[in-house]
Amino acid sequence: MAKPVRARSRVTSRGTILTICLFLAAITWLVFGQTLNHEFVNYDDEIYVYENAKVTAGLSLQNAFWAFTHTLCNNWHPLTIISHMLDCQLYGLRPAGHHFTNVFLHTLAVILLFLVLRQMTGALWRSAFVAAVFAIHPLRVESVAWVAERKDVLSAVLFVLTLGAYTRYVRTLSLTSYLIVLLLFALGLTAKPMLVTLPFVLLLLDYWPLNRFARESWAKSNRDRTVEPPANIGRIFLEKIPLLFLSAGSCWATIVAQHHFIGSIDRLSLMERLCNAAVATMVYLRQMVLPIGLSAFYPHPRHSLSIVEIGAAVLLLIAISGAALILRRKHAYFLTGWFWFLVMLVPVIGIVQVGNQAHADRYTYLPQIGLYILVTWIVADISILRRNRGIPGTVMALVLVILMSCAWKQTTYWRNSRTLWMHALEVNPKNDTAHNGLCDLALRENRLDEAILHAEKALEIRPNNADVQSNLAIALSRSGRRVEARSHLQKVIDVSPSRPRAHYNLATLLMDDGRLDEAIAEFEKELEIQPDFLDAHNNLGIALIRKGDLDGALAHFQKALQIDSRRPKVHYNAATVLLQKGQRGEAIAHLEKELQINPASADAHNKLGLAWSQEGRIDLAIDEWQKTLELQPNDLNAHFYLAWIFATFPDDTIRNGTKAISLAERALHLSGERDPRIYRLLAAAYAENGQFDEAIQTAQRGSHLAIEQENYALADRLESNIDLYRRSVPLRDTGE
């Protein structure tokens with residue numbers, strides 16, 4: 001009878017585990033399921049997803065290779081980029097799908113954390129509570145609700161899988177298990193380089209709960225075959241060396257990728273960075289216990305931290321660290337939990353300053369798991385709570401309800417860009433990044449006065465903010481204040497000559513002002529900084545066309561097509577050059593590709609009609625010009641070309657005087673009746689319809705207008721046409 005009892009026990013245990021996993025998934029989706037109705041935000045989402053041509057093109061071998069060989073947003077995390085490509089392949093640019101992936105990955109990380117903690121510690125309910133807090137703490141919102149922070153949730157899954165694989169390795173000491181650890185860790189680093197300190201976390205886990213250093217405990221229990229013997233200490237450290245090599249490689253890649261931004265904030269000294277790191281660590285502790293006033297961005301205090309703040313933070317850090325060391329024998333989890341937190345914060349604490357933030361909610365995503373372990377095990381060890389088992393359950397339930405409520409509310413602020421940045425200003429009205437976010441949003445919606453207002457407020461807070469200077473310049477340019485716009489862009493370049501897009505924005509202004517030589521020079525400087533910047537190649541090509549350098553223009557359009565062959569207008573621009581060079585076959589091929597990308601492009605239909613007419617395929621040309629007028633009824637060129645064909649084409653099966661007159665009269669109206677060429681066109685249409693008197697009068701008006709405009713060649717041509725009409729002979733196109 002004993003065997004069935006043990007079987008029922010195993011079934012019950014599995015049922016309990018499954019129930020806990022379902023509960024963890026449920027609370028995660030209760031909080032974060034709302035993000036499926038959220039939009040993208042203008043906070044790196046455009047860089048990572050909806051304005052990134054490589055990502056929006058979807059997943060392919062070529063794009064995957066690009067992800068491994070390029071940086072994005074000054075980071076090298078190819079696996080994350082590939083995940084975004086896959087989302088675009090599956091969901092297009094519908095935000096719901098991208099948010100779904102984030103929540104799904106976070107849910108997976110939560111469940112895996114529970115299972116791995118239970119595997120390592122054997123503590124079912126403590127592991128469940130740690131995973132539950134990790135699932136729904138308000139500090140998790142930024143990592144889950146922000147599409148661009150995919151790297152957090154993806155790397156978390158790989159991080160926890162690595163911990164699980166390492167636990168298996170410790171118990172088997174097999175080479176296969178160790179190679180799996182290396183593989184998962186390497187993948188995790190390609191998702192987010194923040195995992196570089198994982199080898200040190202594994203050393204902490206070796207101490208507790210894996211107890212690989214506990215020789216005396218083995219000596220006392222060596223008859224129990226269920227207890228693993230302690231590993232050789234030398235082996236424990238040696239097996240971390242391959243992991244450290246992977247960490248070193250990731251660090252090197254990160255430094256290379258971010259070299260433009262490291263230390264970019266007011267050249268802070270090492271001491272200032274260390275002081276902010278200490279204060280930020282205390283902020284994270286406070287936010288864990290009291291998660292209020294959370295924001296998408298916390299401006300760096302720069303030189304304004306007080307001695308009292310710094311001193312208190314340093315003393316508290318020393319006190320807690322000292323307590324962890326003193327209590328390590330009796331409460332080993334204290335040491336592991338506390339130093340897990342500190343060690344995992346090192347890459348993002350600001351000692352190497354990247355960006356302008358003092359700290360960030362997302363930086364606590366994996367580090368605070370250590371604190372959750374520490375607090376959970378401490379509470380479970382309190383004797384009064386152990387004697388009254390109902391109290392811990394009630395407290396845990398209350399804690400989870402409160403955290404869920406706060407996290408749900410915090411998630412609502414990520415609904416769209418406006419709610420995100422308005423909330424950031426409510427938390428801190430002196431947040432220049434929030435003002436800049438609203439400025440960028442206003443620019444996207446063409447609300448120029450609002451954009452200028454937010455930019456000016458941001459510059460009052462931090463006058464040397466290059467991002468704001470750039471956005472203000474764009475807003476001023478669109479408002480017609482071009483001189484001021486150039487001044488602001490020049491300030492950006494003076495402060496940071498290698499800043500991406502600064503030279504590009506200045507070049508665009510110069511080109512619009514007709515200062516082509518200066519514009520070309522600025523585009524070339526931009527391409528030295530960003531060789532694969534498609535828009536710079538495209539606009540430089542347009543500038544070179546205006547300068548008459550067709551070969552140079554074509555080279556840049558071809559480079560743009562190598563970068564992204566699906567970008568609208570690039571095939572069109574290449575075709576424009578090819579037509580001018582007489583390479584009509586290639587031009588037609590490019591225009592057909594353009595229309596595959598953007599079938600509603602009236603310009604492409606119009607130019608394709610011109611190309612077909614030059615090739616002698618008038619039937620195809622007419623079709624294209626008619627499609628142009630369906631898309632753009634007021635297109636002057638399409639009216640002109642069709643009217644000319646119907647009035648003057650030698651084949652009488654093509655000509656149609658009535659249609660020619662109608663189209664030519666509309667063209668004359670659209671031109672403002674000041675173009676002598678269109679008077680010639682209308683005269684030819686009248687002649688084709690047998691209305692020679694009207695043809696003569698119209699041609700004479702055109703001739704007088706051409707003389708006024710000093711276009712004597714056209715005036716002579718019109719006089720020659722008048723001679724034909726006086727003889728009742730209509731005009732025929734002879735290719736002149």
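In this predicted model, the largest nonpolar core comprises 131 residues. Within this core, the residues with the most contacts are Leu-24, Tyr-43, Phe-159, Trp-338, Trp-340, Trp-414 and Trp-421. Helix 9, which runs over residues 150–172, supplies the largest share of the core, namely twelve residues. A further core lies apart from this one and has 100 residues, including Leu-443, Val-468, Ala-473 and Phe-646.

The surroundings of one of the highly connected residues, Trp-340, were examined in more detail. When residues up to four places away in sequence are left aside, Trp-340 touches Phe-159 and Leu-163, together with Val-201, Leu-204 and Leu-205. Its other contacts on this count are Leu-335, Leu-366, Pro-367, Ile-369, Gly-370 and Ile-373. Phe-159, a partner of Trp-340, is itself listed with the residues that have the most contacts inside the largest core.

Leu-187 belongs to helix 10, which covers residues 175–191. This residue counts as partly exposed because its relative accessibility is 32%, a value between the limits of 20% for buried and 50% for exposed. Beyond residues up to four places away in sequence, Leu-187 touches Leu-79 and Leu-158. The pair Leu-187 and Leu-79 is separated by 108 residues in sequence, yet the C-alpha atoms are 7.3 Å apart in space.

Helix 15 spans residues 270–289 and contains Leu-274. The helix is mostly covered, with 14 of its 20 residues buried. At 1.5 Å a residue, the 20 residues of helix 15 should span 28 Å, so the distance of 29 Å between the end C-alpha atoms agrees with expectation. Leu-274 counts as partly exposed because its relative accessibility is 36%. Together with Leu-270, Met-271, Ile-351 and Val-352, Leu-274 makes a nonpolar surface patch of about 440 Å².

Helix 35 consists of 14 residues, 657–670. Its expected span at 1.5 Å a residue is 20 Å, and the end C-alpha atoms are 20 Å apart, so the two values agree. The buried residues of this helix are Gly-657, Ala-660, Ile-661, Leu-663, Ala-664, Ala-667 and Leu-668. An α-helix has 3.6 residues a turn, so residues three or four places apart point the same way. The cover over the buried residues of helix 35 includes helix 33 (618–631), helix 34 (636–648) and helix 36 (676–688).

Technical notes: Residues are numbered from 1 along each chain as its sequence is written. This is a predicted model: local features need pLDDT of at least 70, side-chain atom pairs count only at pLDDT 80 or more; totals for chains, interfaces and linings use all residues. Side-chain values use heavy atoms; hydrogens and water are left out. Helices (H or I, at least four residues) and strands (E, at least two) are DSSP runs, numbered from the N terminus. Buried means under 20% relative accessible area, exposed over 50%, partly exposed in between (1.4 Å probe, protein chains only). Contact means heavy atoms within 4.5 Å. Patches are made of residues with over 30% relative accessible area and no salt bridge: like charges are joined within 9 Å, nonpolar side chains (Val, Leu, Ile, Met, Phe, Trp, Tyr) within 5 Å. Accessible areas come from the Shrake-Rupley method with a 1.4 Å probe; for residues, only the protein chains shown count as cover. A salt bridge is a side-chain nitrogen of Lys or Arg within 4 Å of a carboxyl oxygen of Asp or Glu. A nonpolar core is a set of buried Ala, Val, Leu, Ile, Met, Phe, Trp, Tyr and Cys residues joined through side-chain atoms within 4.5 Å. The expected span of a helix is 1.5 Å times one less than its number of residues.
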